[in-house]
Every structure is written in structure tokens, then in C-alpha cells.
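Biologist: I should like to learn how a protein model is read, step by step. Could we take the features in turn?

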Amino acid sequence: MTCERVILPGGGAAIVCTTSKRKRCACGKRATLECDWKVPSRRSGTCDAPICASCTTSPAPEKDLCPAHAAAYEQWKEQRRG
Ligand SMILES: [Zn+2]
Ligand SMILES: [Zn+2]
């Protein structure tokens with residue numbers, strides 16, 4: 001969330017707060033979560049794909065995966081099982 005002080009034409013000022021990037025999930029719903037899959041090539045270190053509450057896969061508390069990485073996670077689990 002970014003808050004900006006905006007000078008109104010009449011001379012007053014107002015604080016306007018906007019969500020810096022209004023992200024949407026791939027399904028079109030408002031995304032409230034971000035993918036936590038590790039992507040070393042990204043600056044943030046994680047995928048950060050916007051995901052809504054109904055599209056997330058949560059492998060652990062406070063962790064969310066986008067549909068693509070949920071599939072990758074399933075594969076990873078399979079591999080570990082050997
Ligand atoms: Zn969704
Ligand atoms: Zn992802």
C-alpha cells in the first residue's frame with residue numbers, strides 16, 4: 001500500500017492510499033496471496049505469482065503455491081518418494 005499526499009485544486013490536501021499493484025489471479029479474481037515457490041533467478045527469490053484464495057495450494061502454513069508450482073511441488077514430492 002502506498003499513501004500519497006495530494007494537493008487538491010481548491011488548495012486543500014488529501015491523503016490518497018492505493019494498493020501499488022492491484023494484482024489479479026490467473027482466474028480473474030482478486031489475488032490476496034503470492035506464490036512462495038523458490039525461483040533463484042528472480043530478484044525477490046520467489047515466484048510471486050498472484051493467486052486468489054480459491055486457486056492457492058498451501059503446502060505448509062503461511063506458504064502458497066500458484067497452480068503451476070503446485071504441480072511442480074507434486075512432482076518434487078513424487079521424486080522424493082523415489
Ligand atoms: Zn484464482
Ligand atoms: Zn509460482
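Modeller: We shall go from the whole chain to single residues, bearing in mind that this is a predicted model.

Biologist: Which elements make up the secondary structure of the protein chain, and what pattern do they follow along the sequence?

Modeller: One begins by listing helices and strands in order. Here the protein chain has one helix and four strands. Read along the sequence, they give the pattern β-β-β-β-α.

Biologist: How is the radius of gyration of the protein chain to be read against the globule rule?

Modeller: The value is set beside the one that the rule gives for the number of residues. For 82 residues the globule rule gives 12 Å, whereas the radius of gyration of this chain is 18 Å, well over that figure, so the chain is more spread out than a compact globule. The C-alpha atoms fill a box of roughly 70 × 25 × 20 Å along the principal axes.

Biologist: What share of the residues counts as buried?

Modeller: Of the 82 residues in the protein chain, 15% count as buried. As for contacts between residues at least 6 apart in sequence, 26% of them join residues at least 24 apart.

Biologist: Let us turn to a single residue. Is Val6 buried or exposed?

Modeller: One counts the C-beta atoms around the residue; a count of 12 or fewer within 10 Å means exposed. Val6 has 10 other C-beta atoms within 10 Å, and is therefore exposed. Val6 lies in strand β1, which covers residues 2-7.

Biologist: Which residues does Val6 touch, if those up to four places away in sequence are not counted?

Modeller: Val6 touches Ala13, Ala14 and Val16. Val16 is ten residues from Val6 in sequence, and their C-alpha atoms are 6.7 Å apart in space.

Biologist: Why does one take note of a positive phi?

Modeller: It is noted because most residues other than glycine have a negative phi. In this model, Asp48 has a phi near 65 degrees, a positive value in a residue other than glycine. Glu62 also has a positive phi, near 70 degrees.

Biologist: Where are Asp48 and Glu62 found?

Modeller: Asp48 is in the loop between β3 (33-34) and β4 (50-51). Glu62 is in the loop between β4 and α1 (67-81).

Biologist: How many C-beta neighbours does Asp48 have inside 10 Å, and how many other C-beta atoms lie within 10 Å of Glu62?

Modeller: Asp48 has 16 such neighbours, so it counts as partly exposed. Glu62 has 6, and is therefore exposed.

Notes
Residues are numbered from 1 along each chain as its sequence is written. Chains are lettered from A and ligands numbered from 1 in the order in which they are written. This is a predicted model: local features need pLDDT of at least 70, side-chain atom pairs count only at pLDDT 80 or more; totals for chains, interfaces and linings use all residues. Helices (H or I, at least four residues) and strands (E, at least two) are DSSP runs, numbered from the N terminus. The radius of gyration is taken over C-alpha atoms; the globule rule is 2.2 Å times the number of residues to the power 0.38. A residue is buried if 20 or more other C-beta atoms lie within 10 Å of its own, exposed if 12 or fewer, and partly exposed in between; C-beta atoms are placed from the backbone. Two residues are in contact if their C-beta atoms, placed from the backbone, lie within 7 Å.
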